[in-house]
Amino acid sequence: MFYWEKRSVEHDPESSESGDRLLSDTSSNHSLGGDRPRRWTSVLWPGRYLHGALILLYTVVYLILLSTIPKPSCSTSETTRPHLPLPAREGLQWEERKFPTDIVDNPFTGNPRDELDEAWHKLLENDNIRVPKDYLDERNLRSVYTKDGTEGIASLSVFHSLHCLKKVKKMLFKEYYHAGKSGDAMAREEKHVDHCVEYIRESLMCQPDLSMVTFRWINNTAQHEDKSAFYPTNFDVDMHRCANWEHLDSWAGKRMFNLFEVDLLERPEPSMWDGSNNLKNGT
């Protein structure tokens, strides 16, 4: 076949008649029949099959990739606020900075006073937030939900750690913050603070800050009786990779939920509770 195709393409005009006669004889002997255009068509058909198969393959791959693209959630309507992406999805704004660690003229440090209480209250103002229910479902988490069932109430772990730190701060001044409480009430507060210390420990070890705290020779240290002797004392002067707190707090503020507005939540019926103050179905 290949030799015939080459001869048929390269023949000259003077041999066209004999070439046609030879082609006719060859075609007759092999009972193939047909003229030259049909022969070329038969040669092109396998290429057409190949191109068709490739087009089909590309189409199937495109449809598969298209099906993997996440589709927008349909759990909210046009009348509700759009779901804001969670930090785990949108990423945080990071920055390099040092820790000032000032205890003078710092609203978070020192003795109880209005300025200190206001600073801690404002720090935790966006503690509780609305979270799309489908996001909680993805993480296999349950919570309390709004009445329309589209959002659950949650708190970012960092806010819970700060809440616990505030509890510890108040326990340092329990005569001021817990004055007049009964023995049972104080036992509950102490148990709560013990939980908070453990939670802070786990949180710090979960996401450790690996910046370096170096040492200097310092005298008159608090932990040594001899105030004239010099001892190695740590100083944190290294740079820390930190999330921009204002950015995160602003994000949380857009979803803040006041837990005192319990009427906005779907409250279980009394019949759904068991004798241990737990829901019967475990939710």
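**Exercise 1. Where does Thr 221 lie, between which two strands?**

Step 1. Keep in mind that this is a predicted model. Find β4, which spans residues 214–219, and then β5, at 230–235. Thr 221 lies in the loop between β4 and β5.

Step 2. Now check its accessibility. Buried means under 20% relative accessible area, and Thr 221 has 5%, so Thr 221 is buried.

Step 3. Look for a polar partner. The side chain of Thr 221 makes a polar contact with the side chain of His 224, at 2.7 Å.

Step 4. Stay with β4 for a moment. Trp 217 is in this strand, and Trp 217 is exposed, with a relative accessible area of 60%. Its C-alpha lies 5.6 Å from the C-alpha of Phe 230, although 13 residues separate Trp 217 and Phe 230 in sequence.

**Exercise 2. Work out which face of helix α10 is buried, and what sits at its N-terminal end.**

Step 1. Select residues 245–253, which form α10. The buried residues in this helix are Leu 248, Asp 249, Trp 251 and Ala 252.

Step 2. Look down the helix axis. The buried residues of α10 fall within an arc of 155 degrees, so they line one face of the helix.

Step 3. Move to the N-terminal end. Asn 244 acts as the cap there: one of its side-chain oxygens is 3.2 Å from the backbone nitrogen of Glu 246.

Step 4. Follow the buried face into the interior. The largest nonpolar core has 16 residues, and Trp 251 and Ala 252 are among the members that touch the most others, together with Leu 86, Ile 129 and Val 131. The elements giving two or more residues to this core are α5 (114–123), β2, α6 (133–138), α7 (157–172) and α10.

**Exercise 3. Follow the salt bridge of Arg 130 and describe what it connects.**

Step 1. Recall the principle. Side chains of opposite charge can pair when their charged atoms come close.

Step 2. Place the residue. Arg 130 belongs to strand β2 and is buried, at 15% relative accessible area.

Step 3. Find the partner. Glu 151 and Arg 130 meet through their side chains in a salt bridge, 3.2 Å from N to O. Because Glu 151 is in strand β3 (residues 151–155) and Arg 130 in strand β2 (residues 128–132), the pair ties together parts that are 21 residues apart in sequence. Both Glu 151 and Arg 130 are buried.

Step 4. Widen the view. Arg 130 and Glu 151 also belong to a network of salt bridges with Arg 255.

**Exercise 4. Compare the surroundings of two further salt bridges, Glu 115 with Arg 113 and Glu 189 with Lys 181.**

Step 1. Start with the total: there are eight salt bridges.

Step 2. Take Glu 115 and Arg 113, whose side chains meet at 3.2 Å, N to O. Glu 115 is partly exposed at 48% relative accessibility, and Arg 113 is partly exposed too, at 27%.

Step 3. Take Glu 189 and Lys 181, whose side chains form a salt bridge at 3.0 Å, N to O. Glu 189 counts as buried at 13% relative accessibility, whereas Lys 181 counts as partly exposed at 35%.

**Exercise 5. Which residues make the nonpolar surface patch of about 590 Å²?**

Step 1. List the members. The patch is made by Leu 50, Leu 54, Leu 57, Tyr 58, Val 61 and Leu 65.

Step 2. Place one of them. Tyr 58 is found in helix α3, which covers residues 36–67.

Step 3. Check how Tyr 58 is covered. Exposed means over 50% relative accessible area, so Tyr 58, at 55%, counts as exposed.

**Exercise 6. Find two residues with positive phi in the loop between β1 and α5, and say whether they are buried or exposed.**

Step 1. Locate the loop. Thr 101 sits between β1 (94–97) and α5, and Asp 105 is in the loop between β1 and α5 as well.

Step 2. Read the backbone angles. Thr 101 has a phi near 50 degrees, a positive value in a residue other than glycine. Asp 105, also not a glycine, has a positive phi of about 55 degrees.

Step 3. Check accessibility. Thr 101 is exposed, with a relative accessible area of 64%, and Asp 105 is exposed, with 78%.

Conventions. Residues are numbered from 1 along each chain as its sequence is written. This is a predicted model: local features need pLDDT of at least 70, side-chain atom pairs count only at pLDDT 80 or more; totals for chains, interfaces and linings use all residues. Side-chain values use heavy atoms; hydrogens and water are left out. Buried means under 20% relative accessible area, exposed over 50%, partly exposed in between (1.4 Å probe, protein chains only). Helices (H or I, at least four residues) and strands (E, at least two) are DSSP runs, numbered from the N terminus. The arc is that of the directions from the helix axis to the C-beta atoms. A polar contact is a pair of N or O atoms within 3.5 Å; within protein, one must be able to donate a hydrogen and the other to accept it, and residues adjacent in sequence count only if both atoms are side-chain atoms. A salt bridge is a side-chain nitrogen of Lys or Arg within 4 Å of a carboxyl oxygen of Asp or Glu. Patches are made of residues with over 30% relative accessible area and no salt bridge: like charges are joined within 9 Å, nonpolar side chains (Val, Leu, Ile, Met, Phe, Trp, Tyr) within 5 Å. Accessible areas come from the Shrake-Rupley method with a 1.4 Å probe; for residues, only the protein chains shown count as cover. A nonpolar core is a set of buried Ala, Val, Leu, Ile, Met, Phe, Trp, Tyr and Cys residues joined through side-chain atoms within 4.5 Å.
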